[in-house]
Amino acid sequence: MMKKRVLLLYDPGENVIALLKKKLPKNLELVIPKTFKTDELKELIKEADFAIGARLKEEMLDIAHNLKVVQVPWVGVEWLPLKSIQEKRPDLIVCNTHANAGTIAEHAIALLFSAAKKIVIADRNMRHGEWGSLANPLISERVEGKNMLFLGFGHVAQKIAAFLWGFNLKYYVIKRHPEKLDPQWAEKILYIGGRDALAEFLEKADFIMIALPLTPETKGMIGKAEFEQMKETAILVNVGRGPVVDEEALFEALLYNKIQAAALDVWYQYPPWRRDRPRLGYPSHYPFSALDNIVMSPHRAYQIRDAMEVHWRDVLENLQRFSEDKPLINIVDIKRGY
Ligand SMILES: NC(=O)c1ccc[n+]([C@@H]2O[C@H](COP(=O)([O-])OP(=O)(O)OC[C@H]3O[C@@H](n4cnc5c(N)ncnc54)[C@H](OP(=O)(O)O)[C@@H]3O)[C@@H](O)[C@H]2O)c1
């Protein structure tokens, strides 16, 4: 019997390829492009049944007649031509992975505490021998008992909320479907609402934790008006996607101290992906690096020592299920965009 073909749409590196080769069910064949260039992918996708990656170009949809599944090996699917998939290939199943939600949550918490406890500023100062004076010390923020607003309450945010539970924070949640909440959280969340509750919750929030996908609805959800609603002492953490927060509004809010601080793992412009050379480039049109009240992290929340085993768990699960014609996990709702 012909083996079903699993095409890599990008080069995930030799370790991942070795893992996929080792774990791939016997009735599947791994197709590894030589160049990963678009022309080659366009040839190979004609015969592919399952594709791994997000570099599925719009024109590939017309020729990918065998393709049944696109497996994005991370969470955000905004690189895919979602509108065209809806129009041309509504039967195509798109999956993502939530296997590393705990890892992302750990990084989000590290960012929150870095900003609240001024760890980066103190580190910078101390390298010059500066300890601060008793009259003018570097002041940290207490975390315990404060109001924490989650924008998005999916896999990542729920992990953050679980990890931080011992801090007796009061949890406020904004989600797209506030009526759909895992019952384990019903007693633990103080207030929950949809976007219409945003202004009210922002006024109360000491910490704003963003773990939202980038969709047409979430783009720019936090702009000038929203920064006006925040406390001057508010700390904003974004591990979702940069453009959920308006770039100029964020820069101005930090520059004019409309909020206390921000800590970001997700940005506005990215240098090209490089495997063997350092990636160089500024993350925004605005000089965020000139500000003291921001902690900057180059989209590395997922980069942990044992990343491969954690990160690829759901993808391997779906390959196994696909090989057995079983229902897949982490199916993305293309219309919603997450
Ligand atoms: N920094 C990194 O390395 C990294 C790694 C992983 C993920 N991420 C980012 O984090 C995002 C969240 O990941 P996740 O695994 O938690 O995703 P998820 O489980 O799909 O959760 C997404 C959450 O966002 C909410 N949401 C979506 N659209 C909304 C809207 N218009 N208004 C209000 N809430 C909205 C959803 O609400 P409902 O629950 O009501 O549907 C859900 O709670 C990803 O999409 C990705 O962009 C970043």
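**Close-up 1. The classes of residue that make up the shell around the ligand.** In this predicted model, the shell around the ligand has 16 nonpolar residues, joined by 10 polar and seven charged ones. Picking out a few makes a good start: of the 33 residues around the ligand, those that come nearest are Gly152, Gly154, Val156, Lys175 and Pro213.

**Close-up 2. Where the shell around the ligand comes from.** Two domains take part here: domain 1 (4-99 + 307-323) and domain 2 (101-296) each give the shell at least three residues. Now look for the helices. Both α4 (101-116) and α6 (155-163) supply at least two residues of the shell. Which helix should you find first? Try α6, the source of the largest share of the shell, three residues.

**Close-up 3. An open sheet of seven strands.** Follow the strands across the sheet and you will meet them in the order β8-β7-β6-β9-β10-β11-β12, with parallel pairing. At the edges stand β8 (189-193) and β12 (294-296); each has a single partner strand, so one side of each is left without a neighbour in the sheet. From one strand to the next, the twist averages 15 degrees.

**Close-up 4. Two paired strands, β6 and β7.** Here you can see how neighbours in the sheet are joined. How many bridges link β6 to β7? There are five, connecting residues 147-151 of β6 with residues 170-174 of β7, and the two strands run parallel. To trace one of these pairings yourself, begin at Asn147 and look across to Lys170, its bridge partner in β7.

Technical notes: Residues are numbered from 1 along each chain as its sequence is written. This is a predicted model: local features need pLDDT of at least 70, side-chain atom pairs count only at pLDDT 80 or more; totals for chains, interfaces and linings use all residues. Two strands pair if DSSP finds at least two bridges between them. Helices (H or I, at least four residues) and strands (E, at least two) are DSSP runs, numbered from the N terminus. Axes are lines fitted to C-alpha atoms, for helices over the stretch in contact, and angles run from 0 to 180 degrees between N-to-C directions. A residue is near a molecule or strand if its C-beta atom, placed from the backbone, lies within 6 Å of it. Ala, Val, Leu, Ile, Met, Phe, Trp, Tyr, Cys and Pro count as nonpolar, Asp, Glu, Lys and Arg as charged, and the others, Gly among them, as polar. Domain bounds come from an automatic or database domain assignment.
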